[in-house]
Structure formats: C-alpha cells, structure tokens
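Grab a viewer and a notepad: here are a few short exercises, each with a worked solution. Try each task yourself before reading on.

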Amino acid sequence: MRDQAGWLWVATKDGLAARKPTGETVRIGAADGCAIVEPRLLVELPGDRMMLIGADDTGRDRIAFGKQLQWTTYRALPEARWDAAARRGNGAVLMAGDRLYRISPADPTRV
C-alpha cells in the first residue's frame, strides 16, 4: 500500500517493511516504536499515517500507529482478535467477532 507521501508499506510474515520514496527499503520494528512482529491488517489513515494490527512477540494482539519511522504501539482493548479494519473519516472502524469498534483522534481537528 502506498501512502500520499510516496512510502510503500508492506506487511510481511516477519514484520512491517517500507520503501521510502528514495527507493531505500527499511524494516519497521521495536526500535521505531512498532512492537508488532506478525502483522495482519494495514490501513492508511489521513495525514500519511498508517495503522497496523497484528500480534506482538507473545502472540497478543496490538495496534500500532505510525508515520514514516515514528510509531507507537498499544494493546488492543478489549482483548480480542481484530478481523477487519477500514479507514473511516479521520480514524478507522475495526471488527472483532460480531462487534464493530471505532478509533478516532481525541481532537478531530488534528490529523
């Protein structure tokens, strides 16, 4: 998936990878703030931000938000396996089992 800034994002079997607009390929990991080692879902958000959903090294679901090489990882609440995700407005809608959840910025004017 390519974001508006020209970064190409790829969720692989062994983590998240990106190709910068310069052509350089980088791995995104714990040193960048992304603790997800088994990514499942990747969603582009406004402002060239990305949302990544997958498992950490203990197998627990995590959600990470990032822009280029700066990421923050959160535990998924409730403890559920996220099945699907899509961009919606300034945030995203996620599905776990038969429930839908919405994630959006606390201040909708910030992107």
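Residues count as buried under 20% relative accessible area, as exposed over 50%, and as partly exposed in between. One more thing before we start: this is a predicted model.

**Exercise 1.** Work out whether Gln 68 is buried, exposed or partly exposed, and say where it sits in the fold.

Solution. Start with the place: Gln 68 belongs to the loop between strand 6 and strand 7. Next, take its relative accessible area, which is 31%. That value falls between the 20% and 50% cut-offs, so Gln 68 is partly exposed. Finally, check the backbone: phi is positive here, about 55°, although Gln 68 is not a glycine.

**Exercise 2.** Find what the backbone of Asp 48 does, and locate the residue.

Solution. Asp 48 isn't a glycine, yet its phi is positive, at about 60°. As for location, look in the loop between strand 4 (38–45) and strand 5.

**Exercise 3.** Describe the surroundings of Asp 56, from its place in the chain to its side-chain partner.

Solution. First, place it: Asp 56 is in the loop that runs between strand 5 (49–55) and strand 6 (61–67). Second, classify it: the relative accessible area is 8%, so Asp 56 is buried. Third, list the contacts. Leaving out residues up to four places away in sequence, Asp 56 touches Ala 35, Ile 36, Val 37 and Arg 62. Fourth, pick out the polar partner: a 3.1 Å polar contact connects the side chains of Asp 56 and Arg 62. Now test that pair as a salt bridge, where the cut-off is 4 Å from nitrogen to carboxyl oxygen. With N to O at 3.1 Å, Arg 62 and Asp 56 do form one, and both residues are buried.

**Exercise 4.** How many salt bridges does a search of the whole structure find? Look at the one between Arg 27 and Asp 14 in detail.

Solution. The search turns up four salt bridges. In the one we want, the side chains of Arg 27 and Asp 14 meet at 3.6 Å, N to O. The partners are 13 residues apart and link distant parts of the chain: Arg 27 is in strand 3 (residues 25–28), while Asp 14 is in the loop between strand 1 and strand 2 (15–19). Accessibility comes next. Arg 27 has 48%, so it is partly exposed; Asp 14 has 55%, so it counts as exposed. Another of the salt bridges joins Lys 20 to Glu 24, with their closest N and O atoms 3.3 Å apart. Glu 24, at 41% relative accessibility, counts as partly exposed.

**Exercise 5.** Which residues do ring pairs link into a cluster with Trp 9? Sort out the geometry of each pair.

Solution. The structure holds four aromatic pairs. Trp 7 and Trp 9 make one that is stacked, with centres 5.5 Å apart and 15° between the planes. Trp 9 and Trp 71 make another: 5.6 Å centre to centre with 70° between the planes, hence edge-to-face. Trp 9 lies in strand 1 (residues 8–12) and Trp 71 in strand 7 (residues 70–75), so this pair ties together parts that are 62 residues apart in sequence. Put the pairs together and you get the cluster: Trp 7, Trp 9 and Trp 71. As for burial, Trp 7 and Trp 9 are both buried, and Trp 71 is buried too.

Note on methods:
Residues are numbered from 1 along each chain as its sequence is written. This is a predicted model: local features need pLDDT of at least 70, side-chain atom pairs count only at pLDDT 80 or more; totals for chains, interfaces and linings use all residues. Side-chain values use heavy atoms; hydrogens and water are left out. Helices (H or I, at least four residues) and strands (E, at least two) are DSSP runs, numbered from the N terminus. Buried means under 20% relative accessible area, exposed over 50%, partly exposed in between (1.4 Å probe, protein chains only). A polar contact is a pair of N or O atoms within 3.5 Å; within protein, one must be able to donate a hydrogen and the other to accept it, and residues adjacent in sequence count only if both atoms are side-chain atoms. Contact means heavy atoms within 4.5 Å. Rings of Phe, Tyr and Trp (its six-membered ring) pair if their centres lie within 6.5 Å; planes under 30 degrees apart count as stacked, over 60 as edge-to-face and the rest as tilted.
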